[in-house]
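Subject: Structure for you to look over

Hello,

Here is the structure I promised to pass on. Please open it beside this message and check the notes against it.

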Amino acid sequence: MDMQYCRFYSRKISLCPGTEYPSLERRYSLFHHQDRSDKVLGEAIRLARMSGIRFRHPPLFSEPDGAGHTCDQPWTTLLVGPGGEVYPCGGGEVIFYKALAEGKLFFGNLLRENVSEFWDNESYRKIRLSCLHQAEDCPVGQCRNCSRSMDRLGVNSEKAHFINCDH
């Protein structure tokens with residue numbers, strides 16, 4: 001089981017054009033309620049261990065910076081949208097929305113091609129390079145702006161909790 005972190009995205013992103021969604025205020029972010037966040041997540045970790053469930057989670061605020069997880073999603077995850085479009089990670093449909101629409105990235109389409117045709121294509125190679133901590137080069141800039149960016153910036157950095165996807 002992989003727990004996704006609740007994030008605050010740019011107000012300019014809307015997956016349903018023409019629909020206005022009410023914006024949440026920054027004060028509701030878990031970043032501003034770190035003790036409560038750690039308590040609730042700690043209890044979820046305890047229950048998962050007790051039940052023998054593998055439970056991957058974002059770093060706790062109380063952990064030292066850099067104690068988080070590396071991003072392995074482009075190697076282990078394949079999400080498919082309603083049109084067959086493929087995303088290499090959770091949240092990819094938001095983070096890569098503009099780059100996919102502009103044809104700058106393409107992770108494949110499961111309705112039109114076999115997995116073997118896109119699993120290691122140029123976009124996948126770029127995102128995998130971008131997800132490596134030791135990589136000085138980050139060819140896919142959006143990777144610096146996702147929930148796994150906490151590993152680079154540290155969980156206690158406010159910038160790691162408020163995403164601007166307007167690339």
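The notes below go from the whole chain down to single residues.

**Overall**

Keep in mind that this is a predicted model. The chain has 167 residues, and buried residues make up 40% of them. It holds seven helices and two strands. Read from the N terminus, the order of elements is α-α-β-β-α-α-α-α-α. Take the contacts in the chain with a separation of 6 or more: 54% of them join residues 24 or more positions apart. The exposed area is about 10100 Å². Carbon and sulfur atoms supply 54% of that area.

**Salt bridges**

How many salt bridges does a search of the whole structure find? The search gives four. Three of interest follow, with Asp 120 to Arg 128 among them.

Start with Lys 104 and Glu 102. They form a salt bridge, and the closest N and O atoms are 3.0 Å apart. Lys 104 has 59% relative accessibility, so it counts as exposed. Glu 102 has 44%, so it counts as partly exposed.

Next, Glu 122 and Lys 126. Their side chains meet in a salt bridge at 3.3 Å, N to O. Both residues lie in helix H6. They are four residues apart, about one turn of the helix. Lys 126 is partly exposed, with a relative accessible area of 28%.

Then Asp 120 and Arg 128. Here the closest N and O atoms of the salt bridge are 3.2 Å apart. Asp 120 is partly exposed at 45% relative accessible area. Arg 128 is buried at 9%.

**Arg 128**

This residue deserves its own look. Arg 128 sits in helix H6, residues 122–130. Is Arg 128 buried or exposed? Its relative accessible area is 9%; the limit for buried is under 20%, so Arg 128 is buried.

What does Arg 128 touch, leaving aside its neighbours within four places in sequence? The contacts are Pro 74, Trp 75, Trp 119 and Asp 120. Asp 120 is also the salt-bridge partner of Arg 128. For Trp 119, there is a backbone detail: its oxygen lies 3.0 Å from a polar atom of the Arg 128 side chain.

Helix H6 also holds Arg 125. Arg 125 is partly exposed, with a relative accessible area of 45%. Its C-alpha atom is 9.9 Å from that of Phe 107. Along the chain, Arg 125 and Phe 107 are 18 residues apart.

**Cysteines**

The disulfide count is zero. The rule asks for a pair of cysteine sulfur atoms within 2.5 Å. Cys 89 counts as buried, at 9% relative accessibility. Cys 131 is buried too, with a relative accessible area of 7%.

**Nonpolar patch**

Which residues make the nonpolar surface patch of about 260 Å²? They are Leu 78, Val 80, Leu 110 and Val 115. Leu 78 is found in the loop between helix H2 (73–76) and strand S1 (79–80). With a relative accessible area of 31%, Leu 78 is partly exposed. A patch residue needs over 30% relative accessible area, so Leu 78 passes that cut-off at 31%.

**Two more positions**

Ser 62 lies in the loop between helix H1 (34–51) and H2. It is exposed, with a relative accessible area of 59%. Ser 62 and Ser 37 are 25 residues apart in sequence. In space they are 9.9 Å apart, C-alpha to C-alpha.

Phe 162 lies in the segment after helix H7 (150–153). It is buried, with a relative accessible area of 12%. Where is Phe 31 relative to Phe 162? The two are 131 residues apart along the chain. Their C-alpha atoms are separated by 9.1 Å.

Please start with Arg 128, its salt bridge to Asp 120 and its contacts with Pro 74 and Trp 75.

Best wishes

Key:
Residues numbered from 1 in each chain as written. Predicted model: local features only at pLDDT ≥ 70, side-chain atom pairs only at ≥ 80, totals over all residues. Heavy atoms only, no water. Buried < 20%, exposed > 50% of the residue type's maximum accessible area, 1.4 Å probe, protein only. Patch = residues over 30% accessible without salt bridge, like charges linked within 9 Å, V, L, I, M, F, W, Y side chains within 5 Å. Areas by Shrake-Rupley, 256 points an atom, 1.4 Å probe, with all protein chains shown as cover. Polar contact = N/O pair within 3.5 Å; in protein donor to acceptor, adjacent residues only side chain to side chain. Contact = heavy atoms within 4.5 Å.
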